[in-house]
Amino acid sequence: MPEFIKVANTADLPSGQGMVVEIDGRPIALFNVNDVFYALDNTCMHRGGPLGEGFVDQSNLTVQCPWHGWVYSLATGVSPINAMAKVEKFDVLIENGEVKVALD
């Protein structure tokens, strides 16, 4: 069973926003869309842009890298434009207002 690590409180991240958190020095992009939380590797496949600082499209459940516009699904980490472009997705657990992420 994966180990979930607290990275934030639900109140820390408004709906439609993203933020960068760290687990053991690894940057993770955390997103909230209508109180559903998603976690992806923070590093864009294109040129390493910070996905946690990107534009969240709530209707399509995607994030757009702020550097060059590459788009990734929040639910899967796969680009809807190029299925070969993918960032790692992590499981998220909400418990008592705490956002927890599992790296394994």
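A contact is defined here as a pair of residues with heavy atoms within 4.5 Å. On this basis, among contacts in the chain between residues at least 6 apart in sequence, 39% connect residues at least 24 apart. The model under analysis is predicted.

The secondary structure of the chain consists of 9 strands and 0 helices, so that the order of elements from the N terminus reads β-β-β-β-β-β-β-β-β. The radius of gyration is 13 Å, close to the 13 Å expected from the globule rule for 104 residues; the chain is therefore as compact as a globular protein of that length. The C-alpha trace extends over about 35 × 25 × 20 Å along its principal axes.

Burial and surface composition were then considered. Of the 104 residues, 40% count as buried. The exposed surface of the chain amounts to about 5700 Å², of which 48% is supplied by carbon and sulfur atoms. Charged side chains comprise 6 positive and 13 negative groups, and a distance of 5 Å separates the centres of the two sets.

Strand S4 provides a focus for the local description. This strand covers residues 36–41 and is mostly covered, with 5 of its 6 residues buried. Two pairings of S4 were examined. Strand S3, residues 26–33, runs antiparallel to S4 and is joined to it by 6 bridges. Strand S8, residues 89–95, likewise pairs with S4 in the antiparallel sense, over 2 bridges. Within the S3 pairing, Val 33 has Val 36 of S4 as its bridge partner. In the S8 pairing, Leu 40 is placed opposite Lys 89.

S3 and S4 together form a hairpin with 2 residues between them. The loop between these strands contains Asn 34 and also Asp 35. Asn 34 adopts a positive phi of about 50° although it is not a glycine. Asp 35, also a residue other than glycine, has a positive phi near 65°. As to solvent exposure, the relative accessible area of Asn 34 is 55%, and this residue is classed as exposed because the value is over the 50% cut-off. Asp 35 is likewise exposed, with a relative accessible area of 62%.

The environment of Val 33 was examined in the same manner. Val 33 belongs to strand S3. Its relative accessibility is 3%, and Val 33 therefore counts as buried, the criterion being a value under 20%. With residues up to four places away in sequence excluded, Val 33 touches Ser 15, Gly 16, Tyr 38, Val 56, Gln 58, Leu 61 and Leu 74. One of these residues, Tyr 38, falls within the 36–41 range of S4. A further distance was computed from Val 33 to Trp 70: the two residues are 37 positions apart in sequence, and their C-alpha atoms are 19 Å apart in space.

Taken together, the S3–S4 hairpin joins the buried Val 33 to a turn in which Asn 34 is exposed and Asp 35 is exposed. Beyond this turn lies S4, a strand that is mostly covered and that pairs with S8 in the antiparallel sense.

Note on methods: Residues numbered from 1 in each chain as written. Predicted model: local features only at pLDDT ≥ 70, side-chain atom pairs only at ≥ 80, totals over all residues. Heavy atoms only, no water. Helix = DSSP H or I, 4+ residues; strand = E, 2+ residues; numbered from the N terminus. Rg over C-alpha atoms; globule rule 2.2 N^0.38 Å. Buried < 20%, exposed > 50% of the residue type's maximum accessible area, 1.4 Å probe, protein only. Areas by Shrake-Rupley, 256 points an atom, 1.4 Å probe, with all protein chains shown as cover. Lys, Arg positive; Asp, Glu negative; His and termini not counted. Charge placed at Lys NZ, Arg CZ, Asp CG, Glu CD. Pairing = 2+ DSSP bridges.
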